[in-house]
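Reader: Please give me a close look at a single part of this model, with its surroundings, and state the cut-offs behind each term as you go.

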Amino acid sequence: MENSKANILCVDDSPTQLLIYRKYLRKHNYSVDIAKDSTEAMKKILQTKPDLIILDIELPGIKGTNFLQFIKHKEELKDICVIMVSGITDIEIILDSFRKGAVDYLKKPFDEDELILRIRVHIENIFFRKNKEEEVNNLNIKITEKSNEINDIKDATIFSLAKLAESRDPETGNHLERIREYAKLLSEELEKEEKYGYLINKGFIKNIYNMSVLHDIGKVGIGDSILLKPDKLTKDEFEIMKNHTLIGGDALKETCYLNRNANFLSMGRDIAFYHHERWNGKGYPFSLKGEEIPIAARIVAIADVYDAISFKRVYREKPFSDSQIYEIMNSECGNIFDPNIFKVFIRIENKFKEIKETFKSSYKF
Ligand SMILES: [Fe+2]
Ligand SMILES: [Fe+2]
């Protein structure tokens with residue numbers, strides 16, 4: 001610790017006492033400021049931000065103990081170290097100073113060495129605490145940076161896994177990029193609704209953005225003859241295709257089960273299992289109905305169907321027009337879609353169109 005770094009403010013109504021402080025402290029390389037009462041002291045505190053205050057109890061106007069109390073109640077001043085000084089011997093007043101936050105008490109007249117040694121101890125403590133606080137702050141910054149890095153790696157790994165699965169399906173160029181944007185947008189809008197406020201928060205929105213891309217991950221378990229078939233699937237083939245929900249859901253369920261820290265995947269598991277369930281109970285694989293279907297899956301269902309009908313397919317030469325898309329989506333309200341969530345979708349349909357434009361890609365036929 002270097003004394004020259006420490007700022008000390010001495011508050012006393014006696015000019016002689018202030019001169020003594022100045023002489024002693026300067027001799028020991030402290031930077032010194034003086035004030036004759038609490039009002040002047042307050043101005044100096046705001047100007048110089050002292051590390052330590054030597055404060056006389058018996059001040060004119062606002063008493064030293066009251067001024068001490070004021071300092072300790074101010075968030076920006078409460079960490080300033082205060083040594084109380086007085087000629088009084090009343091133990092109750094001295095104890096009161098400690099109760100109000102003083103770190104030390106010196107009885108006048110005091111010895112120069114005693115004053116300097118006591119100040120040195122407190123200044124060392126102040127600098128030690130400041131250094132520790134700085135170390136903790138730096139450590140917290142590093143921890144935040146590292147945990148952001150780990151989260152980014154985790155999100156990128158999940159996305160590349162989903163991309164890898166998508167690469168087997170020639171029809172879905174940029175489908176994942178759009179799905180996660182739609183799911184995020186719809187969730188952000190639902191968060192504002194009273195009905196969903198308790199279910200949807202910033203964490204949910206971040207999670208659905210990352211997890212929605214896993215909805216069709218189970219398609220890796222569907223053979224080429226069905227997955228890549230250019231014509232409409234037969235009834236039996238469609239039954240096999242439905243299994244992609246179970247393949248994906250089971251894989252994510254097992255990962256959640258085996259890894260205590262992979263709880264974030266539970267939303268991915270729900271989306272993979274239930275994104276083809278229908279509000280009217282006629283979906284698959286479990287024929288869940290209404291709010292039995294997890295909300296993340298109900299959101300992704302809207303995003304997925306919207307995207308599926310927004311682009312041409314091998315079996316559909318021309319893409320649907322905006323009005324056709326609206327009609328198809330509307331006809332599924334209450335059938336496939338949760339009517340409450342659908343109402344919100346309708347409100348922001350234009351923003352869906354913007355996402356569609358931003359992330360449209362040439363399909364690889
Ligand atoms: Fe699917
Ligand atoms: Fe999809």
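Author: Helices and strands here are DSSP runs, H or I over at least four residues for a helix and E over at least two for a strand, numbered from the N terminus. With those names, Pro-60 can be placed in the loop between β3 and α3, the latter being residues 64-73.

The model is predicted, and local features need pLDDT of at least 70 while side-chain atom pairs count only at pLDDT 80 or more, whereas totals for chains, interfaces and linings use all residues. Residues are numbered from 1 along each chain as its sequence is written, chains are lettered from A and ligands numbered from 1 in the order in which they are written, and side-chain values use heavy atoms, with hydrogens and water left out.

The part examined here is α14, together with the helices that pass it. Helix α11 (residues 295-310) and helix α14 (residues 349-358) have axes that come within 12 Å and cross at roughly 55°; axes are lines fitted to C-alpha atoms, for helices over the stretch in contact, and angles run from 0 to 180 degrees between N-to-C directions. That angle makes α11 oblique to α14, given that angles under 35 degrees count as roughly parallel, over 145 as roughly antiparallel, 65 to 115 as roughly perpendicular and the rest as oblique. Ala-303, Tyr-306 and Ser-310 of α11 make the contact with Glu-349, Phe-352, Lys-353 and Lys-356 of α14, where contact means heavy atoms within 4.5 Å. Sorted by class, this contact has three nonpolar, one polar and three charged residues; Ala, Val, Leu, Ile, Met, Phe, Trp, Tyr, Cys and Pro count as nonpolar, Asp, Glu, Lys and Arg as charged, and the others, Gly among them, as polar. The crossing of α11 and α14 is right-handed, that is, the near helix is turned clockwise from the far one by less than a right angle, whereas an anticlockwise turn would be left-handed.

Helix α6 (residues 175-191) also passes α14, with axes that come within 10 Å and cross at roughly 155°, and α6 and α14 are therefore roughly antiparallel to each other. This crossing is right-handed as well. On the α6 side the residues that meet α14 are Arg-178, Glu-181, Tyr-182, Leu-185, Leu-186 and Glu-189, and on the α14 side they are Lys-351, Phe-352, Ile-355 and Lys-356. By class, the contact of α6 with α14 has five nonpolar, no polar and five charged residues. Phe-352 and Lys-356 of α14 thus appear both in the contact with α11 and in the contact with α6.

Turning to α11 in its own right, its 16 residues reach 23 Å from first C-alpha to last, close to the 22 Å expected at 1.5 Å a residue, the expected span being 1.5 Å times one less than the number of residues. Of those 16 residues 14 are buried, so α11 is largely enclosed by the rest of the structure; buried means under 20% relative accessible area, exposed over 50% and partly exposed in between, with a 1.4 Å probe and protein chains only.

Helix α10 (residues 265-274) is mostly covered too, with nine of its ten residues buried, among them Leu-265, Met-267, Ile-271 and Phe-273. The cover over the buried residues of α10 includes α5 (112-166), α7 (202-211), α9 (235-258) and α11. The loop between α10 and α11 holds Pro-285, whose peptide bond from Tyr-284 is cis, with omega near 10°. In that loop there is also Ser-287, which has a positive phi of about 50° although it is not a glycine, and which counts as partly exposed at 43% relative accessibility.

On the other side of α11 in sequence, Pro-319 lies in the loop between α11 and α12 (322-331) and, at 43% relative accessibility, counts as partly exposed. Apart from its neighbours within four places in sequence, Pro-319 is in contact with Ser-310, Phe-311 and Lys-312, and Ser-310 is also one of the α11 residues that make the contact with α14. From Pro-319 to Ile-355 the separation is 36 residues in sequence and 16 Å in space, C-alpha to C-alpha.
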